[in-house]
Amino acid sequence: MHRFKTWWLVCVAAVVGKLLWASLSSETLFAVMQEDGFVESLTLGLYAAAFGTVAIAPGRGSRHWTSSRLALLIVILGLAAREWDAHIRLTGSSVLRVSYYLNGPLAVEKLWALSAVALFAASLLCLAWHYTRALRQQARGNDAIRSAVIAFIATALIAKVLDRAVNVLAQDFEFVIPVTFAMLMLSIEETLELALPLIVVAAVWQHARTVSPRVSRTRPLGSTAQSG
């Protein structure tokens with residue numbers, strides 16, 4: 001069976017980001033890439049599509065699919081909420097920082113935030129527990145799901161580095177990146193984040209093709225011609 005290479009999605013996303021940076025003015029590019037802009041809205045829509053795809057994907061042939069499906073749905077919701085900055089919109093601060101929980105009195109919203117972060121982390125651990133062994137066993141193979149998992153993790157890490165690089169260099173090292181280069185980093189970061197839900201959809205689609213029953217095109221057993 002032909003397997004789609006999810007790395008192509010990453011490459012295309014990076015190229016699209018570069019082309020948008022090269023073809024649009026800084027003002028237009030910022031308007032497209034900013035919070036609540038076109039690209040973020042499209043990314044949220046794709047996360048909704050990824051959520052639906054995982055929810056209805058067949059699970060036959062996968063040993064841990066029930067728990068993995070639930071864990072993956074939670075991860076998708078968490079990533080979509082992070083893309084929408086739901087934690088900042090609801091609490092006014094980043095719930096991913098330890099200082100958020102240590103500063104000030106312990107409030108109900110902090111308990112809810114901690115529970116949500118713990119649930120997200122537990123879902124990631126669940127997925128890792130189920131699939132790390134399988135990924136190690138197929139490390140030398142050409143498994144499409146393995147490729148999608150690695151592509152997803154690498155893309156998320158690269159996007160996060162690009163997201164934080166400008167502020168970290170300016171605040172910690174007093175190095176200000178030129179505006180033009182900063183806009184390039186922003187453009188590629190946003191298009192890479194756009195690719196994340198597409199990677200999920202591609203991986204689940206290939207999983208569904210793997211486990212779904214296929215009609216054999218070969219001659220049925222016992223149908224060989226009888227001689228004499």
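In what order do the elements of the protein run from the N terminus on? The answer is α-α-α-α-α-α-α-α-α. That is 9 helices and 0 strands. One caveat up front: this is a predicted model.

Some overall numbers. The protein has 228 residues, and 32% of them are buried. Its accessible surface comes to about 14600 Å². Carbon and sulfur atoms hold 67% of that area. Now contacts. Take those in the protein with a separation of 6 or more. Of these, 73% join residues 24 or more positions apart.

Here is one place where distant parts of the chain meet. Look at Gly-17. This glycine sits in helix 1, which covers residues 7-23. Is Gly-17 buried or exposed? Its relative accessibility is 0%, so Gly-17 counts as buried. What does Gly-17 touch, once neighbours within four places in sequence are set aside? Ser-187, Ile-188 and Thr-191. There is also a C-alpha distance to note. Gly-17 and Met-185 are 168 residues apart along the chain. Their C-alpha atoms are separated by 8.6 Å.

Next, Glu-189. This glutamate belongs to helix 9, residues 179-211. Glu-189 is buried, yet it has no salt bridge. Which side chain of opposite charge is nearest to Glu-189? It is Arg-82, 7.2 Å away. A salt bridge needs a side-chain nitrogen within 4 Å of a carboxyl oxygen, so a pair 7.2 Å apart does not qualify. What does Glu-189 touch instead? Leave out residues up to four places away in sequence, and the contacts are Ala-159, Leu-162 and Asp-163.

So where does Arg-82 pair up? Its partner is Asp-85. The two side chains meet in a salt bridge, at 3.1 Å from N to O. In general, side chains of opposite charge can pair when their charged atoms come close. How many salt bridges does the structure hold? Just 1.

How covered are the two partners? Asp-85 has 16% relative accessibility; the cut-off for buried is under 20%, so Asp-85 counts as buried. Arg-82 has a relative accessible area of 31%. That value lies between 20% and 50%, so Arg-82 is partly exposed.

To recap, with the structure on screen. Find Gly-17 in helix 1, and see its contacts with Ser-187, Ile-188 and Thr-191. Then find Glu-189 in helix 9, buried and without a salt bridge. Finally, go to Arg-82 and Asp-85, whose side chains meet in a salt bridge.

Notes. Residues are numbered from 1 along each chain as its sequence is written. This is a predicted model: local features need pLDDT of at least 70, side-chain atom pairs count only at pLDDT 80 or more; totals for chains, interfaces and linings use all residues. Side-chain values use heavy atoms; hydrogens and water are left out. Helices (H or I, at least four residues) and strands (E, at least two) are DSSP runs, numbered from the N terminus. Buried means under 20% relative accessible area, exposed over 50%, partly exposed in between (1.4 Å probe, protein chains only). Contact means heavy atoms within 4.5 Å. Accessible areas come from the Shrake-Rupley method with a 1.4 Å probe; for residues, only the protein chains shown count as cover. Lys and Arg count as positive and Asp and Glu as negative; His and the chain ends are not counted.
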